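The following note is addressed to a colleague who is meeting this structure for the first time. It is best read with the sequence and the model open side by side.

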Amino acid sequence: MDAVVTEFRVEDRDRWTELWTAYLKFYKTSLSAEIFDSTWNRMISKSGTLRGVGIRETESGPLLGIVHYLVHETAWTPKQMCYLQDLFVDPAVRGKGLARTLIETVAKNAKELDCYRCYWLTQEENTQARILYDKVGRLSGFVRYDFDYSRPVQSP
Ligand SMILES: CC(C)(COP(=O)(O)OP(=O)(O)OC[C@H]1O[C@@H](n2cnc3c(N)ncnc32)[C@H](O)[C@@H]1OP(=O)(O)O)[C@@H](O)C(=O)NCCC(=O)NCCS
């Protein structure tokens, strides 16, 4: 399948909203309209480090897949690291290499930014995504924890 990868364009807003909504639904969650506005505006204006790229069949065609990413500092090297987030491809066009192309594009952009690493997280049971990740990535072996703010802190 032919594919064109570009940064998001202002006219992609509605289609991006559909695809990100579907991504969130896949993870059984949703976000407010305010968050959609904020995230879109930050990517389009490039006011911070959050970026987004989309993939389409033709230059002027609708988005078929999206990915968000950002770079951040790390204590381990003066170089930046690239975190890839929210990869989603329209179910009608899966298995055609679009997600692979999106990941490779982010990795290439990270390389151009002289990033030390490009990494991402997924749920252990996301077997479909992990078929692809096992082909393009290397499993780190790290496990993520989030601090549990609902528990009382027991500092000495
Ligand atoms: C995971 C996801 C992004 C993959 O998108 P995709 O465009 O279908 O993936 P690709 O076609 O680029 O897959 C690349 C490789 O993985 C293989 N692959 C992908 N899905 C597969 C499946 N269901 N069964 C077997 N192989 C599969 C492809 O054959 C391809 O291998 P090849 O390049 O060696 O031929 C898509 O399924 C999706 O959006 N899922 C829901 C959201 C999600 O899980 N996002 C990731 C969250 S971390």
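The numbered points below treat the strands, the helices, the ligand shell and some individual residues in turn.

1. Status of the model. The structure under discussion is a predicted model. The points that follow should be read with that in mind.

2. Strands 2 and 3. Strand 2 (51-56) pairs with strand 3 in the antiparallel sense, and the pairing comprises 5 bridges. One position by which to locate this pairing is valine 53, which faces valine 67 in strand 3.

3. Strands 3 and 4. Strand 3 (residues 65-74) and strand 4 (residues 77-89) are also antiparallel, and 8 bridges join them. The connection between these two strands is a hairpin of 2 residues. Two opposed pairs help to fix the register: histidine 72 lies opposite methionine 81 in strand 4, and leucine 70 lies opposite tyrosine 83 in strand 4.

4. Strands 4 and 5. Strand 4 has a parallel partner in strand 5 (residues 117-119), to which 3 bridges join it. Tyrosine 83, already met opposite leucine 70, stands opposite tyrosine 119 in strand 5. Between these two strands the chain passes through helix 3 (residues 98-112), and the resulting β-α-β crossover is right-handed.

5. Length of helix 3. Does the span of helix 3 agree or disagree with its residue count? With 15 residues at 1.5 Å a residue, helix 3 should span 21 Å, and its end C-alpha atoms are indeed 21 Å apart, so the two values agree.

6. The two sides of helix 3. The buried residues in helix 3 are Leu98, Ala99, Leu102, Ile103, Val106 and Ala110. They lie on the same side of helix 3, because the arc they cover around the axis is only 140 degrees. Lys108, Lys111 and Glu112 are exposed on the other side of this helix. The buried residues of helix 3 pack against several elements, among them strand 1 (4-7), strand 2 and helix 4 (127-136). Strand 3, strand 4 and strand 5 also belong to that packing.

7. Helix 1. The same reasoning may be applied to helix 1 (13-26). Its 14 residues should span 20 Å at 1.5 Å a residue, and the end C-alpha atoms are 20 Å apart, so expectation and model agree. Which residues of helix 1 are buried? They are Trp16, Leu19 and Trp20. These residues cover an arc of only 95 degrees around the axis, and therefore sit on the same side of helix 1. The face turned away from that buried side carries the exposed residues Asp14 and Lys25. The cover over the buried residues of helix 1 includes helix 2, strand 2, strand 3 and strand 4.

8. The ligand. How many residues surround the ligand? There are 19, and the closest are Arg94, Ala99, Arg100, Thr122 and Ala129. Helix 1, strand 4, helix 3 and helix 4 are the elements that give two or more residues to this shell. Helix 4 gives the most, with 5 residues. Ala99 thus appears twice in this note: it is one of the buried residues of helix 3 and one of the closest residues to the ligand.

9. Aspartate 37. This residue lies in helix 2 (residues 33-45). Is aspartate 37 buried or exposed? It counts as exposed, because it has 12 C-beta neighbours inside 10 Å, and a residue with 12 or fewer is classed as exposed. Aspartate 37 and threonine 17 are 20 residues apart in sequence, while their C-alpha atoms are 9.6 Å apart in space.

10. Positive phi angles. Most residues other than glycine have a negative phi. Lysine 46 is not a glycine, yet its phi is positive, at about 55 degrees. Lysine 46 belongs to the loop between helix 2 and strand 2, and it is exposed because 10 other C-beta atoms lie within 10 Å. Aspartate 114, likewise not a glycine, has a positive phi of about 65 degrees. Aspartate 114 comes just after helix 3, in the loop between helix 3 and strand 5. Its count of 10 other C-beta atoms within 10 Å is why aspartate 114 is exposed. Lysine 28, which follows helix 1, also has a positive phi, near 55 degrees.

Terms used:
Residues are numbered from 1 along each chain as its sequence is written. This is a predicted model: local features need pLDDT of at least 70, side-chain atom pairs count only at pLDDT 80 or more; totals for chains, interfaces and linings use all residues. Two strands pair if DSSP finds at least two bridges between them. Helices (H or I, at least four residues) and strands (E, at least two) are DSSP runs, numbered from the N terminus. A crossover is right-handed if, with the strands pointing away from the viewer, the path from the first strand over the helix to the second runs clockwise. The expected span of a helix is 1.5 Å times one less than its number of residues. A residue is buried if 20 or more other C-beta atoms lie within 10 Å of its own, exposed if 12 or fewer, and partly exposed in between; C-beta atoms are placed from the backbone. The arc is that of the directions from the helix axis to the C-beta atoms. Two residues are in contact if their C-beta atoms, placed from the backbone, lie within 7 Å. A residue is near a molecule or strand if its C-beta atom, placed from the backbone, lies within 6 Å of it.
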